[in-house]
Amino acid sequence: MTDFDPATFSSYGPKEFAKLVKSTPDKKIAEVMSGDLRGKVLDEVFSRMPSLFRAEKAGSTNAVLHWNITGRPDGGSDTYEVVIENGTCTVNSTPEREPKLSLTLGPVEFLKIVAGAANPAMMFMTGKLKAKGDLGLAANIPNLFDIPKG
C-alpha cells in the first residue's frame, strides 16, 4: 500500500485509501491524475460516495452538486454530478441537472479532500477550491459524508 497504484484502489477500504493519499507526494498524485488512469481513479472515488453518504445528517437536504475536476490531459475537466434527494445519494458521470452548487478544483486537491487530508475552507480561501452557488451547502458537505481519517 505504499505506492499510488490506481489498479488496486478498489481493493482498499476508505481508511486505507485515505492513508495512501496522505502518504503519497503531491507530485506523484498529479502524475497519475494527468495520465491514462485518471478516469479509473475518479470513477472509483465517485462510485463510493453513495455508500459514504450519511442520510441521518442530511435531514431534508435536496441538492444537485457538480464536482469539476480540472487538469485532464487534454486541458479540460471531468464533471461528476452528485444528487442528494429524499435521504439518498446518487452519482452520475454525465451531469443531467442544474446544480445548486458547483465545486471546481484540481485533481490533487480533490483526492486530498475526499481522503480527509485537506481543509476545504482553507482551500477555498486560497483559491484552490472554487465554489459557485449555495455556499452554506458547500460548508455542510463534510457532515453529509463519512470522510475517512487515515
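**Close-ups of the aromatic cluster, the core and D78**

There are 5 aromatic pairs in this structure, which is a predicted model.

**View 1. F46 meets W67 edge-to-face.** The F46–W67 pair is edge-to-face, with the ring centres 6.4 Å apart and 70° between the planes. F46 belongs to helix α3 (residues 38-52) and W67 to strand β1 (residues 63-69), so this pair links parts of the chain that sit 21 residues apart in sequence. Both rings are tucked away: F46 counts as buried because its relative accessibility is 1%, and W67 is buried too, at 5%.

**View 2. F46 also stacks with F110.** Here the F46 and F110 rings are stacked, 5.1 Å centre to centre with 15° between the planes. Since F46 is in helix α3 and F110 in helix α5 (residues 107-114), the pair ties together parts that are 64 residues apart in sequence. F110 is buried, with a relative accessible area of 0%. Pull back a little and you get the full group: F46, W67, Y80 and F110 make up one aromatic cluster.

**View 3. The largest nonpolar core and its best-connected members.** This core has 38 residues, and the ones touching the most other members are F46, L65, W67, V82, F110, L111 and F145. Who chips in? At least two core residues come from each of α1 (14-23), α2 (26-33), α3, β1, β2, β4 (101-105), α5 and α7 (135-144).

**View 4. A look around L65.** Skipping neighbours within four places in sequence, L65 is in contact with Y80, E81, V82, I84, L101, L137 and I141. One of these, Y80, is part of the aromatic cluster with F46, W67 and F110. Another, V82, is listed along with L65 itself among the core residues that touch the most other members.

**View 5. D78 at the start of β2.** D78 is found in strand β2, which covers residues 78-85. With a relative accessible area of 19%, D78 is buried, because the cut-off is under 20%. The D78 side chain makes a polar contact with the side chain of R72, at 3.5 Å. Leaving out neighbours within four places in sequence, the contacts of D78 are R38, L42, W67, N68, I69 and R72. W67 will be familiar from the first view, where it pairs with F46.

**View 6. R48 over the F17 ring.** R48 lies over the face of F17, 5.9 Å from the ring centre.

Key
Residues are numbered from 1 along each chain as its sequence is written. This is a predicted model: local features need pLDDT of at least 70, side-chain atom pairs count only at pLDDT 80 or more; totals for chains, interfaces and linings use all residues. Side-chain values use heavy atoms; hydrogens and water are left out. Helices (H or I, at least four residues) and strands (E, at least two) are DSSP runs, numbered from the N terminus. Buried means under 20% relative accessible area, exposed over 50%, partly exposed in between (1.4 Å probe, protein chains only). A polar contact is a pair of N or O atoms within 3.5 Å; within protein, one must be able to donate a hydrogen and the other to accept it, and residues adjacent in sequence count only if both atoms are side-chain atoms. Contact means heavy atoms within 4.5 Å. Rings of Phe, Tyr and Trp (its six-membered ring) pair if their centres lie within 6.5 Å; planes under 30 degrees apart count as stacked, over 60 as edge-to-face and the rest as tilted. A charge sits over a ring if NZ of Lys or CZ of Arg is within 6 Å of the ring centre and within 35 degrees of the ring normal. A nonpolar core is a set of buried Ala, Val, Leu, Ile, Met, Phe, Trp, Tyr and Cys residues joined through side-chain atoms within 4.5 Å.
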